[in-house]
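Trainee: Could you take a single part of this model and go through it closely, giving the cut-offs behind each term as you use it?

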Amino acid sequence: MIKNYIFDIDGTLINTIDMYMPAMIEILEKHGYHTDPADVEQKKHDLFGITGMDALKIAGVADDKLRRQMQQEWFKLAYQREDRIQVFDGIPETLLKLSQSPDIQIAIATSKLRDEYDNHFANLFTFANLFDIVITSNDTDRHKPDPEPVLAALDQMHATPETAVYIGDTINDEKAAHAAGVKFAAALYGAANPEKIMDSEFLLHQPADLLKI
């Protein structure tokens, strides 16, 4: 029986790709990391849903100090476009129903920084108050696709992998879930590359499908 639900945020609870990824391309370009126009959309999709530092490293920024500077510039630019964030239809209602069950716990395991979560998620969306546990990228040494964030959530929930599911929208989310020994629910409604997660235990075409597993 599934009674521990662990959620990703970006692409799963809220749609933030149009806030984050055009800003990333602009900051890369500013620092001389050119992206061919024909490759821009694929790069946005491929680098979405992981930590900013990891995304910039994959994009070719080798120097750690420069990556940190670029991440600050990227996030500052992205959050000037906060009005582009959209909550996926059905998310608040689905989370409320899960939270009202006395046998169910809901948690977050996200690649967001802690201050991002506190200042740009929890402050914006009242349904953030429904989560019992929140694991951000500041809370673990390793990040998705490593299982450490999911395992950290399980530990704080005092839960076993057999009773848990991780809900996310990327192949890295799926890899993290399976490496932690938990089932994966693919948020197809928010996935940038849904074809990569079609082999998941649960396929969610809308958030309310989560209530059927």
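Mentor: What follows concerns the largest pocket and the helix that contributes to its lining. This is a predicted model, in which local features need pLDDT of at least 70 and side-chain atom pairs count only at pLDDT 80 or more, while totals for linings use all residues. Residues are numbered from 1 along each chain, and side-chain values use heavy atoms, without hydrogens or water.

The largest pocket (an open set of 1 Å grid points where a 1.4 Å probe fits, with protein on both sides within 12 Å along at least five of seven lines) has a volume of about 410 Å³, counted as the space filled by probe spheres set on the points. Its lining, meaning residues with an atom within 4 Å of a point, comprises 26 residues, of which Thr 51, Gly 52, Met 53, Gln 71 and Ser 111 are the closest to the centre. Helix 1 (17-30), helix 3 (52-58) and helix 4 (64-78), each a DSSP run (H or I, at least four residues), give two or more residues to that lining, and the largest share, four residues, comes from helix 4.

Helix 4 has 15 residues and reaches 21 Å from its first C-alpha to its last, close to the 21 Å expected at 1.5 Å a residue, a span taken as 1.5 Å times one less than the number of residues. At its start, a side-chain oxygen of Asp 63 reaches to within 3.2 Å of the backbone nitrogen of Lys 65. Its buried residues (under 20% relative accessible area, 1.4 Å probe) include Arg 67, Gln 71, Glu 73 and Trp 74, and the buried residues of helix 4 pack against helix 1, helix 3 and helix 6 (114-122), with heavy atoms within 4.5 Å.

How values were computed:
Buried < 20%, exposed > 50% of the residue type's maximum accessible area, 1.4 Å probe, protein only. Polar contact = N/O pair within 3.5 Å; in protein donor to acceptor, adjacent residues only side chain to side chain.
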